[in-house]
Each structure stands twice: as structure tokens, then as C-alpha cells.
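The following exercises concern a single protein chain. Please examine the sequence and the structure before turning to the worked solutions.

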Amino acid sequence: VLNTLCLSAFFLLFYEPYWLFDTGFHLSFLAVCGIVFFSNSFMPKWAEKYVWLQYLVGMAIVSIAAQIGTLFVSGYYFEKIPTYFLPANIV
């Protein structure tokens, strides 16, 4: 997955090199990196018994992992960290 992510960043930057300085580009790729690196390690074993619970816990974990990936860039560019991401993504 990491090779595919780097390859897609390469092709996007080959198409438009100025996207390297775009905040949306940084946030998008860091969110995906956070999801790739952190989402599988946080799934609890007790949530695997029920499908609906696994779905809800999985959505929460993906939201938290994306926020972990974008935490420092969001804090740098916007000077605040969103705290409403979890209920907004579950809804």
C-alpha cells in the first residue's frame, strides 16, 4: 500500500508540481498514511464478535487514525485541532 501511495504522489506531482506546496495535498496523503499505519493496530478483539459493532468501531478507528496522521499539519496551518471529527464521521 505504501508503494502505491508513493507512486500516486509521484504521478500527481509529475502532472502538477506545485501541488507539493498545497495544503490539501499534504492533508490528503497524510490522512491516508495515518489510516494505513494506525487503523489495523487499534481494532480490539472484543469487537470482532458482532458485525455491527465491528462496523462502528472500525469507523471510529479510521477517523482517529486519519486525525493522527494530519494532527501536526492541521495544527501548523490552521492553528487549531478539530475535536468534532469523531461524531461527524460516524453520522
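**Exercise 1. Determine what share of the residues of the chain counts as buried.**

Solution. The model is a predicted one. The chain comprises 91 residues, and 26% of these count as buried. For the surface, the chain exposes about 6,900 Å², of which carbon and sulfur atoms supply 71%.

**Exercise 2. Describe the secondary structure of the chain and the order of its elements.**

Solution. Begin with the inventory: there are 4 helices and 0 strands in the chain. Next, read the elements from the N terminus on, which gives the order α-α-α-α. Then consider the extent of the chain: along the principal axes, its C-alpha atoms fill a box of roughly 45 × 30 × 20 Å. Finally, turn to contacts in the chain with a separation of 6 or more: residues 24 or more positions apart account for 48% of them.

**Exercise 3. Explain why C6 and C33 form no disulfide with each other.**

Solution. Step one is the search of the whole structure, which finds 0 disulfides. Step two is the distance: C6 is in no disulfide, and the nearest cysteine sulfur, that of C33, lies 7.1 Å away. Step three is the criterion, which requires the two cysteine sulfur atoms to be within 2.5 Å. Seen from C33, the closest cysteine sulfur is that of C6, and the pair is not bonded because 7.1 Å is too far for a bond. As to its surroundings, C6 is partly exposed, its relative accessible area being 48%.

Notes: Residues numbered from 1 in each chain as written. Predicted model: local features only at pLDDT ≥ 70, side-chain atom pairs only at ≥ 80, totals over all residues. Heavy atoms only, no water. Helix = DSSP H or I, 4+ residues; strand = E, 2+ residues; numbered from the N terminus. Buried < 20%, exposed > 50% of the residue type's maximum accessible area, 1.4 Å probe, protein only. Contact = heavy atoms within 4.5 Å. Areas by Shrake-Rupley, 256 points an atom, 1.4 Å probe, with all protein chains shown as cover.
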